[in-house]
Amino acid sequence: MHATSELTSSKRVVLAARGIDKAYKRGPWPARRMLPVLADVNFSLRQGEVVGLVGENGSGKSTLMKILVGALAPDAGEVERAARLGYCPQTPQLYERLTCDEHFELFGHAYGIDSRREREARHSIYVALGFERYARVRVSQLSGGTVAKLNLGLALLADPDVLLLDEPYAGFDWDTYLRFWDLVAERRISGRSVLIISHFVADEERFDRILDLRDGRTVPR
Ligand SMILES: Nc1ncnc2c1ncn2[C@@H]1O[C@H](COP(=O)(O)OP(=O)(O)OP(=O)(O)O)[C@@H](O)[C@H]1O
Ligand SMILES: [Mg+2]
């Protein structure tokens, strides 16, 4: 793991969560019970940090990331977002009938970036992740790994300060996995931050810190 230098700890916090609680309702009424998932989670991410979030299946990693992004409301606690976020969900939210190009156009409009900048960004994402040849192929006809590349590419499109990635490389081949880490390293050098949920942290040295979500709380690993 990278040594956390004095410099890193003096960098500004770009994303912070305090006292986050979350429980889901489980089972049909009237036998409905509450399933506690997060209990007083505190978290912060600094400029230029690459942080890993691990934990067993069902420990609440995706729930926490959805709360950090603002896609899900916590029961208690607050999230402070001091920078632009890009989010790559665990289950891609894509349109079966649209092509990769059409997705980039659509998301470009949603992010409010002009079409020239969108096309340039799209091109560099295709090159960086190696899927330009699928530009005009509909999502319904893509392989799982290419869907994962598109899912990540859309999170990168507006060049966000903070990237939140929920198991981004689960479907990647080895070459793409290495390209992915090149991309993360470039972002880190330019002072952007990345939070990555993964079960595969064999490459621990690629992270500044790794947090383990256990019993509803994050603990340093
Ligand atoms: N919408 C929901 N309604 C009810 N329960 C949910 C909902 N979403 C998640 N859960 C439950 O909350 C717990 C945490 O789920 P979550 O998806 O956050 O886990 P995770 O750590 O991301 O797991 P995985 O490694 O399998 O992706 C699980 O027990 C799950 O069944
Ligand atoms: Mg998950």
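How far is an oxygen atom of ligand 1 from an N or O atom in the side chain of Asn57? In this predicted model, the distance between the two comes out at 2.9 Å. Ser62 does something similar, with a side-chain N or O atom 2.8 Å from an oxygen atom of the ligand, and Thr63 brings a polar side-chain atom to 2.6 Å from a ligand oxygen. Taken on its own, ligand 1 has 630 Å² of accessible area, and the protein covers 66% of that.

As for the wider surroundings, 16 residues sit around ligand 1, and Asn57, Gly58, Lys61, Ser62 and Thr63 come nearest. β1 (13-26), β2 and α2 each give two or more residues to this shell. By class, the shell breaks down into three nonpolar, eight polar and five charged residues.

The space that ligand 1 takes up is the second largest pocket, with a volume of about 170 Å³. Its lining counts 15 residues, with Gly58, Ser59, Gly60, Lys61 and Ser62 closest to the centre. Two or more lining residues come from each of β2 (33-46) and α2 (61-69), and α2 provides the largest share, at three residues. The lining of this pocket has four nonpolar, eight polar and three charged residues.

Then there is the largest pocket, at about 310 Å³. Ser124, Leu156, Leu183, Glu186 and Arg187 are the closest to its centre among 14 lining residues. Helices α4 (115-129) and α6 (174-189) each supply at least two residues of that lining, which splits into six nonpolar, one polar and seven charged residues.

Notes: Residues numbered from 1 in each chain as written. Chains lettered and ligands numbered in written order. Predicted model: local features only at pLDDT ≥ 70, side-chain atom pairs only at ≥ 80, totals over all residues. Heavy atoms only, no water. 1 Å grid on protein atoms, 1.4 Å probe; cavity = no way out; pocket = protein on both sides within 12 Å on 5 of 7 lines; lining within 4 Å. Points joined across faces, edges and corners; volume = space filled by probe spheres on them. Helix = DSSP H or I, 4+ residues; strand = E, 2+ residues; numbered from the N terminus. Nonpolar A, V, L, I, M, F, W, Y, C, P; charged D, E, K, R; others polar. Near = heavy atom within 4 Å. Polar contact = N/O pair within 3.5 Å; in protein donor to acceptor, adjacent residues only side chain to side chain. Areas by Shrake-Rupley, 256 points an atom, 1.4 Å probe, with all protein chains shown as cover. Sits in = over half its atoms within 2 Å of the grid points.
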